[in-house]
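Thank you all for coming. Today I would like to walk you through the aromatic rings of one structure, taking the examples slowly for anyone who has not met it before.

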Amino acid sequence: MKLPVSFEERMLKFFQENNISSEGFFESFDSEPLKGIRINRNKVSEEEYKDVLSDLGEEENPVSWCDSGFYTNSESSGNDPYYHSGVYYPQEPSAMLPAQIAAAKPGEYVLDMCAAPGGKACRLGEDLQGEGLLIANEINENRAKALLRNIERMGIPNAVILNETPSRLAEVFKGFFDKIVLDVPCSGEGMFRRDPNAVKSWEKFGPDTCIPMQIDILNNADKMLKAGGEIVYSTCTFFEGEDEERIREFIKEHPYYTIIPHSEVEGITHSEEGFMRIWPHLNKGDGHFCVHLKKSEDAEVETIELDKIPSYRNKRNDNYAFSRSKDAYESFLKEILKDTSVFKGNFILHKDKVHILPVPERLFNGLKTVKLGLFPGEIKCTSTERLFVPSHSLALTLTREMIREDSFISIARDDSRLTRYLKGETIVASPEEKAQLKKKGYIVITAGKYPLGFGKLAPDGSIKNLYPKAWRLI
């Protein structure tokens, strides 16, 4: 690969000044980039990792800095039933580091400010285990749609997706978050070998375009972080001006921050200050920079006054209609689930759309919202009653253990019926399967033990396909 001369000269100087070996660095851009997947720990137990990898034709080759990440020999297939059921997320190995470092805990309020396409946000959501709140923000509207699909595919129930600027977020969420992940826009030097267009982009825009955005994002993140909170800042570039120097400047201007050292992370190059790097010639991944910051418990922080935000209810939904809709939703859950209390949060009705949200809805007044918590489905009104129609995202939020024995059909991953299901075709239960199922109604189709989507069972054993048209295999 032909690299920009100015890039080569700058990197040679960097290696000399920092006493880092440059041997093999420039040659690494001609090697094949590494591939990886991260297994969804909310759906797959650690004991089952090896079985999943075996099913995918992969060996157990772990990424040392991610406890659910594995190197793969081939690109993940978007046609695989395990992909569609959210068993794994295809992700470049280096990109797995920031969310692992953030180590979100159940009950925390977490923000991924630059979230698309969703690898880091999904891992943060997994770590929350359905408790607390994940806000995944993406300023680009089209990329926010990809983020939505990945959040739903991975079954994150307590996520809100926003399409906002950092400054607008900071106006609302003052001192609100326990942790913020900032995988900021950067010059992308670490992507050179993965994406040849990254070199052209670097030559056209370069670091000078990105640094003002990084400063703005960091400053706004500070306004949203609680005292004692943590920021994980990362880039996929090698330039000190976007990495070490950016953080040193930030701490100089915000002296209540310190760097949390992570020298114990295997496979990562660490500096004495606590900066972490992945070098393509020294570590097993594309170029990446990461640092973990801690805000002092004594820092003065302006906090959001939630009580002062006006509350509103959709005027078209009177109390009686609201109550009947909620009853229809709960009645459906009783037909499908062993325990209907698994989804905790406020029941929200927007016209006919149902949302389950762990925080007051008024928190998002005036914000561009792409996803408002769990969207389990919608209400259909007939002349005599209200019925609940489940969404595809509800099925992906379930585990097989949650579902009643008569309400799911487990189909082996290599069964041709799964492919037909993913194509939107009608499938048929075998006589043995039919004997275990209810006579008719909604059931969950699972790929092995992993929920894939809904179908509607008829008394003759045929299953009407409810897989979303936009997601179907062509």
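I will talk about aromatic pairs, then a cluster, and then charges that sit over rings.

Please keep in mind that what you see is a predicted model, and that it holds 37 aromatic pairs. Let me begin with Tyr109 and Phe176, whose ring centres are 4.8 Å apart and whose planes meet at 25 degrees, so this pair is stacked, the limit for that being under 30 degrees. The two residues come from distant parts of the chain, 67 residues apart, with Tyr109 in strand 4 and Phe176 in the loop between helix 7 and strand 7. Tyr109 is partly exposed, at 25% relative accessibility, whereas Phe176, at 9%, is buried.

How are the planes of Phe192 and Trp202 arranged? This pair is edge-to-face, with 85 degrees between the planes and 6.4 Å from centre to centre. Phe192 lies in the loop between strand 7 and helix 8, while Trp202 belongs to helix 8 itself, 10 residues apart. Phe192 is buried, with a relative accessibility of 0%, and Trp202 is buried as well, at 11%.

Phe192 and Trp202 also belong to one aromatic cluster, whose members include Phe7, Phe14, Phe238 and Trp279.

Finally, the charges: the charged end of Arg149 sits over the ring of Trp471, at 4.5 Å from the ring centre, and the charged end of Lys284 sits over the ring of Tyr71, where the distance to the centre is 4.4 Å.

Technical notes:
Residues numbered from 1 in each chain as written. Predicted model: local features only at pLDDT ≥ 70, side-chain atom pairs only at ≥ 80, totals over all residues. Heavy atoms only, no water. Phe/Tyr/Trp six-rings, centres within 6.5 Å; stacked < 30°, edge-to-face > 60°. Helix = DSSP H or I, 4+ residues; strand = E, 2+ residues; numbered from the N terminus. Buried < 20%, exposed > 50% of the residue type's maximum accessible area, 1.4 Å probe, protein only. Lys NZ or Arg CZ within 6 Å of the ring centre and 35° of its normal.
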